[in-house]
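This report introduces a protein structure to a reader who has not met it before. The sequence and the structure are shown first, and the description follows.

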Amino acid sequence: MKKLLTAVIVFVFYIAGPAWGYDAAHFYNLGLDSSMTNTKINYFTRAIELDPALSAAYEKRGMLYYFQEHYTEMIRDFLDVTEMNPDNANGYKMLGVAYLKKDNYDSAVFNLTRAIELKPELAEAYGHRAEAYRLKGMLDLAVQDADRVLDIGGNKQTIGMAY
């Protein structure tokens, strides 16, 4: 009887052992390696469940939500990113972009301004803030930000947005 019980316990540990070895980094890496968007989101979500302080997983998942145009979920993820890393200029920029897409121009301007404060040469933040100002009817501020983008330079898309 003891041998049977011991064999059953060893078998259970043998089967369940690999599941215990998975940590947040494992699922994060699976998300990075996957080619399917929904699979990536599921892996990043699992990594977050295992380690709620893994801000990189929130950032990656938030970017996937951006490309899927799920802006509410994107806002949620980038709020977590900026809360965990208050010096993350890219997090504030993406949060501003999400608010811009949701037509919440005041929040967009606030977060894009924060991104600019953290990284004054972030041309994309000026470009998006110029668009938010334009949509708010604040054309002078929009032109100032667009001019700043042209002064800084950046990628072709950002410069095109400034024009």
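Which residues are buried in α4? In α4, the buried residues are Ser-55, Ala-57, Tyr-58, Glu-59, Arg-61, Gly-62, Leu-64 and Tyr-65. Here buried means under 20% relative accessible area, exposed over 50%, and partly exposed in between, with a 1.4 Å probe and protein chains only.

The structure is a predicted model, in which local features need pLDDT of at least 70 and side-chain atom pairs count only at pLDDT 80 or more, whereas totals for chains, interfaces and linings use all residues. Residues are numbered from 1 along each chain as its sequence is written, and side-chain values use heavy atoms, with hydrogens and water left out.

**Overall organisation**

The protein has 10 helices and zero strands, and along the sequence the pattern reads α-α-α-α-α-α-α-α-α-α. Helices (H or I, at least four residues) and strands (E, at least two) are DSSP runs, numbered from the N terminus. Of the 163 residues of the protein, 37% count as buried. Among the contacts with a separation of 6 or more, 41% are between residues 24 or more positions apart; a contact means heavy atoms within 4.5 Å.

**Helices α4 and α9**

The buried residues of α4 pack against four helices: α2 (24-33), α3 (37-50), α5 (71-84) and α6 (89-101). After α4 comes Glu-69, with a positive phi near 65 degrees.

The lengths of α4 and α9 can be set against an expected span, which is 1.5 Å times one less than the number of residues in the helix.

| Helix | Residues | Expected span | End C-alpha atoms apart |
|---|---|---|---|
| α4 | 55-68 (14 residues) | 20 Å | 20 Å |
| α9 | 139-152 (14 residues) | 20 Å | 20 Å |

In α9, the buried residues are Ala-142, Asp-145, Ala-146 and Val-149. Seen down the axis of α9, these buried residues fall within an arc of 100 degrees, so they line one face of the helix; the arc is that of the directions from the helix axis to the C-beta atoms. Asp-140, Gln-144 and Asp-151 are exposed on the other side of α9. Leu-150 also lies in helix α9 and counts as partly exposed, at 35% relative accessibility. Gly-153 follows α9 and has a positive phi, near 95 degrees.

**From α9 to α10**

Gly-160 lies in helix α10 and is partly exposed, with a relative accessible area of 44%. From C-alpha to C-alpha, Gly-160 is 9.8 Å in space from Ala-146, and the two are 14 residues apart in sequence. Leu-150 and Met-161 are 11 residues apart in sequence, and their C-alpha atoms are 10.0 Å apart in space.

**The largest pocket**

The largest pocket holds about 300 Å³ of space. Of the 14 residues that line this pocket, Tyr-66, Val-97, His-128, Gln-157 and Met-161 are the closest to its centre. On a 1 Å grid over the protein atoms alone, a pocket is an open set of points where a 1.4 Å probe fits, with protein on both sides within 12 Å along at least five of seven lines, and lining residues have an atom within 4 Å of a point. At least two lining residues come from each of α4, α6, α8 (123-136) and α10 (156-162). The largest share of the lining, five residues, is supplied by α6. By class, the lining has six nonpolar, four polar and four charged residues; Asp, Glu, Lys and Arg count as charged, Ala, Val, Leu, Ile, Met, Phe, Trp, Tyr, Cys and Pro as nonpolar, and the others, Gly among them, as polar.

Terms used: Points joined across faces, edges and corners; volume = space filled by probe spheres on them.
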